[in-house]
Amino acid sequence: MSSAEDITERKLIDRLAPDDLWGLMHGLLATTFDLQPEFLEMDFLPSLFRLGAWDDRSWATRIGLERKLAELEAAVVIMEARRYNVRPRSLRLQLIPANSPHGTSLHAKVTLIVFDQAVRLIVGSANLTEPGYRKNREAVAVITATEKNPAETAVVRDALTGMEAMLADWLTPDANRIISRAKEIIAPWGSGQLKPDN
């Protein structure tokens, strides 16, 4: 298979499954311009929680999803208010329609996932929709901070500070708790700066 074929076969959804070494998931905070609630609950979250094949979403998956969401400290999605038309079924998902001042739009697409031993950021052009994660060609960076990778930790640390500032108008107590938990987890991992080569 050529590298061009590799690129066309890659799906962002396949990058969601966490490494077993990261431990338990504590929280999820995502921003999106557009949201498909059905995709979020029946594809994105089951893929994140490893609840089976994406084309086999049944009531058993929904029950499993509710159990997984109940184990989290919080799951928050902030979306552009003018794109809001229906919320996800699960009441464990906090959906915040963001009204922007001066006619601007919330267009950021950032997902923060916090684990015992890792903090993952997904930043790019993909909305929380099936086309964004399964069909479109999107520009996305998946950055995972762990104790063993100081460069990624530095990027995540800076991004967390930026998220707090840029999203301040819409951060609920639950959303702030997710960011605070992420900061606590990466705090003992040093300055997160790479040492120059000698």
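Student: By class, how many nonpolar, polar and charged residues does the lining of the second largest pocket have?

Tutor: Keep in mind that this is a predicted model. The pocket has a volume of about 290 Å³, and 14 residues line it. Sorted by class, they come out as seven nonpolar, two polar and five charged.

Student: Which residues are the closest to the centre of that second largest pocket?

Tutor: Two elements, E1 and H3, each give two or more residues to the lining of this pocket. Looking at its centre instead, the closest of the 14 lining residues are Gly23, Leu24, Met25, Phe49 and Lys68.

Student: Let's back up a bit. In what order do the helices and strands of the protein chain run from the N terminus on?

Tutor: You'll find six helices and six strands in the protein chain. Starting at the N terminus, they run α-β-α-α-β-β-β-β-α-β-α-α.

Student: What percentage of the protein chain's residues count as buried?

Tutor: Here a residue is buried if its relative accessible area is under 20%. The protein chain has 198 residues, and the share that counts as buried is 46%.

Student: Which element supplies the largest share of the largest nonpolar core?

Tutor: That core has 29 residues, and Leu40, Phe44, Leu45, Leu48, Leu69, Leu128 and Tyr133 touch the most other members. Strand E1 (25-32), helix H2 (37-48), helix H3 (59-71), strand E2 (74-80) and strand E4 (110-115) each put in at least two residues. The largest share is five residues, and it comes from H2.

Student: Where does H2 stand on cover: how many of its residues are buried?

Tutor: The buried ones include Phe39, Leu40, Phe44, Leu45 and Leu48, but also Glu41 and Asp43. Just past this helix comes arginine 50, with a positive phi near 55 degrees. H2 itself is mostly covered, and its buried count is eleven of twelve.

Student: Which residues is leucine 69 in contact with, leaving aside its neighbours within four places in sequence?

Tutor: Leucine 69 is one of the core residues that touch the most other members. With those sequence neighbours set aside, its contacts are Leu45, Phe49, Ala75, Ser90, Arg92 and Leu93.

Student: How many residues does the second, separate core have?

Tutor: Ile96, Ile143, Leu171 and Ala175 are among its members. The full count for this second core is 27 residues.

Student: Now for enclosed space. Which element gives the largest share of the lining of the largest cavity?

Tutor: The structure holds one cavity of 30 Å³ or more, with about 60 Å³ of space in it. Its lining has 13 residues, and by class these are eight nonpolar, four polar and one charged. E4 and strand E5 (119-124) are the elements that give two or more of them. The largest share, three residues, comes from E5.

Student: Is threonine 111 buried or exposed?

Tutor: Threonine 111 sits in strand E4 and is among the lining residues nearest the centre of the largest cavity. Beyond four places in sequence, it touches Leu28, Leu29, Ala30, Phe44, Arg120, Leu121, Ile122 and Tyr133. Its relative accessible area is 2%, and the cut-off is under 20%, so threonine 111 is buried.

Student: Last one: what area does the protein chain expose?

Tutor: Carbon and sulfur atoms supply 52% of the exposed area. The whole of it comes to about 10,700 Å².

Note on methods. Residues are numbered from 1 along each chain as its sequence is written. This is a predicted model: local features need pLDDT of at least 70, side-chain atom pairs count only at pLDDT 80 or more; totals for chains, interfaces and linings use all residues. Side-chain values use heavy atoms; hydrogens and water are left out. A nonpolar core is a set of buried Ala, Val, Leu, Ile, Met, Phe, Trp, Tyr and Cys residues joined through side-chain atoms within 4.5 Å. Buried means under 20% relative accessible area, exposed over 50%, partly exposed in between (1.4 Å probe, protein chains only). Helices (H or I, at least four residues) and strands (E, at least two) are DSSP runs, numbered from the N terminus. Contact means heavy atoms within 4.5 Å. Accessible areas come from the Shrake-Rupley method with a 1.4 Å probe; for residues, only the protein chains shown count as cover. On a 1 Å grid over the protein atoms alone, a cavity is a set of points where a 1.4 Å probe fits but cannot get out, and a pocket is an open set with protein on both sides within 12 Å along at least five of seven lines; lining residues have an atom within 4 Å of a point. Grid points are joined across faces, edges and corners, and a volume is the space filled by probe spheres set on the points. Ala, Val, Leu, Ile, Met, Phe, Trp, Tyr, Cys and Pro count as nonpolar, Asp, Glu, Lys and Arg as charged, and the others, Gly among them, as polar.
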